Amino acid sequence: MSEPHTADEQTRIVAALSSLHPDPAATDRARAAVIGAAAAPSVRRPLRWVRPSLRFALPAAGIAAIGTVLVLSLPRGEEDRAAVPPGPQTESCVVQRGQTFRILPLEPAVAMRAGTATVMWNAFDRSIRVADAPEGGPFASTRLSGPDVFGTIGPAFEQNERGDGVAAWVDARQVVAVHRSAGGEWSEPEVLGRVNADRGPYNGPAVAMAPDGTATVAWPSGTGLRGARRAPDGAWSRSATRDPAPLYPNMPGASEVAMATDDDGDVAAVWMLAGDGIGAATWPVDETGWTPTQKVLSTVSGPISMYGNARIVGSGRGFVLSMLVGRTTRVRDGGLIAARDDMVVATRLPAGASTWSRAVRMSPRGEVPGQNTSVAGPDGEVAVAWTATAAPGTPAYQRPGFPPRTLRVALSQDGRFRSTLLVPGARGTISSPALALGDGGQLTVAWTDGANRNSGRNSSVRVITYTAGQGWSGARRISDRGTGPLTPALARDAAGNTVAAWMRCAGGRDLVLQVATRPAGADWGAATRVQ
Amino acid sequence: MAELFDAHWHGAWRVAVGVSGDPAASEDIAQEAFLRAIRSLPGFDGRRPFAVWLHRIVVNTAIDHVRRERRRPDLSQSAPGADAPGGPDGGSPELLAALLALTDEQRAVVFLHFWVGHTVDEVAVVLGVARGTVRSRLARAMTALRAHPDLQAIARVTDV
């Protein structure tokens, strides 16, 4: 029996409906109420996780074959996940999701070059601001965005070794970009395009700044990726990917783009495809647009059903992608039952290559990873970090109550990840790891520590340093204790000068920016508020 | 539970909008439905997708709300989160108003089928009606919507 409507009619109806969204504040209240009710002692029956309804069969062939594996980006389930705290929550400020595949884009963007720190942040007063601080000097803040900004997402900001910078953010679904040459002023904001309406904070743009000053901006739009590139002193050119159509209609559009540039100036982008999986494309330095989209599949053994949190860094003349993947064990009545075998994997795209290398599992069995992040050092080595909880069935798993989180890092050496390290002093209600990597594998790690379990009222930013051959320094707190702070960001320059920035609740629902710096060879200075 | 909420909140809210026609009240409806679902979890046997089971609860909760309120939605109010009109990725506010103005029965099947993504069979289970009833309501809804200019153009092209 034929459908009583055409595909075009369906498309227009869905487009009209896509302008409706639930109120974010009401969503937060509902979430808190539901989670609170689920934690009540009366909820005895284990919750079995079942995917949103999808009808498909996993390919019988192994994942090593390039097949179309339908994957989902929300792998969590089972009864013990109800006991996993959502992370340090702030009572009167923006709620942060701690243990999910997705990190809300609340963190500021930072850069450090020749002792000058640059911070860019969403001031949540309807403005995007940037501040520079020459070595030892105060931060001077400038407002980049115009008035009446609503629904801002971002900013994303990157700076090359010369000091050329590019930044982009979303204002009311419009992608806006600014740029500056080394030593110059920021340009006027320019609108480059529009993002999808249905992915909320995961529509943020990504930026890349090549060594020669060529800037690239990418954002999710529709079922694919849009991009714009600007050579120094040139105008913006556009390019769009052509992604495979989602398997089912009405699936969410593309989202969560991440991007990096390598030493040659080539750019690689990864993003959540519309409805399933992670897509990847490159924009080579001498080309006018994106290469054809590839669906990135993990070649770790076993049926993979879930991908998320794609993070990409330029590593020498190539790229390293880290992401979270999860397994399924069986299919029942068209739905999927997920196993608790999520893992962090990394895969590499060497210079000039068209396919990603075999993915390497980095997280140990018996742990369930959550938030992940990565960074590349000046010598091309890469560090990846992720939070984790003990998996059910392991001796470290605690019930009832909240299983503590730990923080792990993996450092590459000669291009290979050889082992993982447990970050000392990072345990409990921790979240939002951030990394900075210097020559010779000197690693700085920052995270949010919620000392009061879920209350968030006694949260702080802590940092620690690892030096190859010497081990870990002592973890220390670099912020005041209080409500928030949220999502620290780190950056360091070639000399070892380091800057950390984070958002902090200032009462009510106001978020403010705080910054601390550490000159090379010295200790961290006091945190200051930047306005 | 947090991840379960995150995975199903938007779908549940959309079901609530489809049944109640009231986007502003649908957050409360969906929240109440989630709380009812938690209390009813021992009764979920997993033989059908969780979303279908949850959305059945949302439908019942929304119907309870409509009966309590005993009113039609005020179509002159702006929907929360509505974007400015126009743009290549945007929809038609006028068509949206027409969708919200459908009869309760027609709006429910249109929203569940187009916006939430349920098959006709799943819509039938969620609404507790026969499959043929869903198809006939869809057909009548499309007839009503084709009076809208945004869909009239498609009809003319199709006729040619």
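How many bridges join β13(A) to strand β14 of chain A, and in which direction do the two run? The points below take this up first; the model is predicted.

1. Strand β14 of chain A covers residues 267–272, and 5 bridges join β13(A) to it, the two running antiparallel. One pair in register is T261(A), which stands opposite V267(A) of β14(A).

2. These strands belong to an open sheet of 4 strands in chain A, ordered β13-β14-β15-β16 and paired antiparallel. The edges are taken by β13 (255–261) and β16 (294–296) of chain A; each has a single partner strand, so one side of each has no neighbour in the sheet. From one strand to the next the twist averages 30°.

3. Elsewhere in chain A, strand β32 (residues 498–505) is largely enclosed by the rest of the structure, because 8 of its 8 residues are buried. Burial here means under 20% relative accessible area. Both faces of β32(A) are covered. On one side the buried residues are T498(A), A500(A), W502(A) and R504(A), and on the other V499(A), A501(A), M503(A) and C505(A).

4. What joins β32(A) to strand β33 of chain A? There are 8 bridges between β32(A) and β33 (residues 511–518), and the strands run antiparallel. T498(A) stands opposite R518(A) of β33(A).

5. β32(A) is also joined by 5 bridges to strand β31 (residues 486–492) of chain A, again antiparallel. In that pairing L490(A) stands opposite A500(A). The hairpin of β31(A) and β32(A) has 5 residues between the strands, and G496(A) takes a positive phi near 100° in it.

6. In chain B, helix α2 (residues 23–40) has the length expected of it: at 1.5 Å a residue its 18 residues should span 26 Å, which agrees with the 25 Å between its end C-alpha atoms. The buried residues of α2(B) include charged E27(B), and also among them are P23(B), A25(B), I29(B), A33(B), F34(B) and A37(B). An α-helix has 3.6 residues a turn, so residues three or four places apart point the same way.

7. Helices α6 (residues 120–127) and α7 (residues 131–145) of chain B have axes that come within 8 Å and cross at roughly 105°. That angle makes α6(B) roughly perpendicular to α7(B), because 65 to 115 degrees counts as such. From α6(B) the contact takes in V120(B), D121(B), V123(B) and A124(B); from α7(B) it takes in R131(B), V134(B), R135(B) and L138(B). By type, the residues of this contact are 5 nonpolar, no polar and 3 charged.

Notes. Residues numbered from 1 in each chain as written. Chains lettered and ligands numbered in written order. Predicted model: local features only at pLDDT ≥ 70, side-chain atom pairs only at ≥ 80, totals over all residues. Heavy atoms only, no water. Pairing = 2+ DSSP bridges. Axes fitted to C-alpha atoms, helices over the stretch in contact; angles between N-to-C directions. Parallel < 35°, antiparallel > 145°, perpendicular 65-115°, else oblique. Contact = heavy atoms within 4.5 Å. Expected span 1.5 Å × (residues − 1). Buried < 20%, exposed > 50% of the residue type's maximum accessible area, 1.4 Å probe, protein only.
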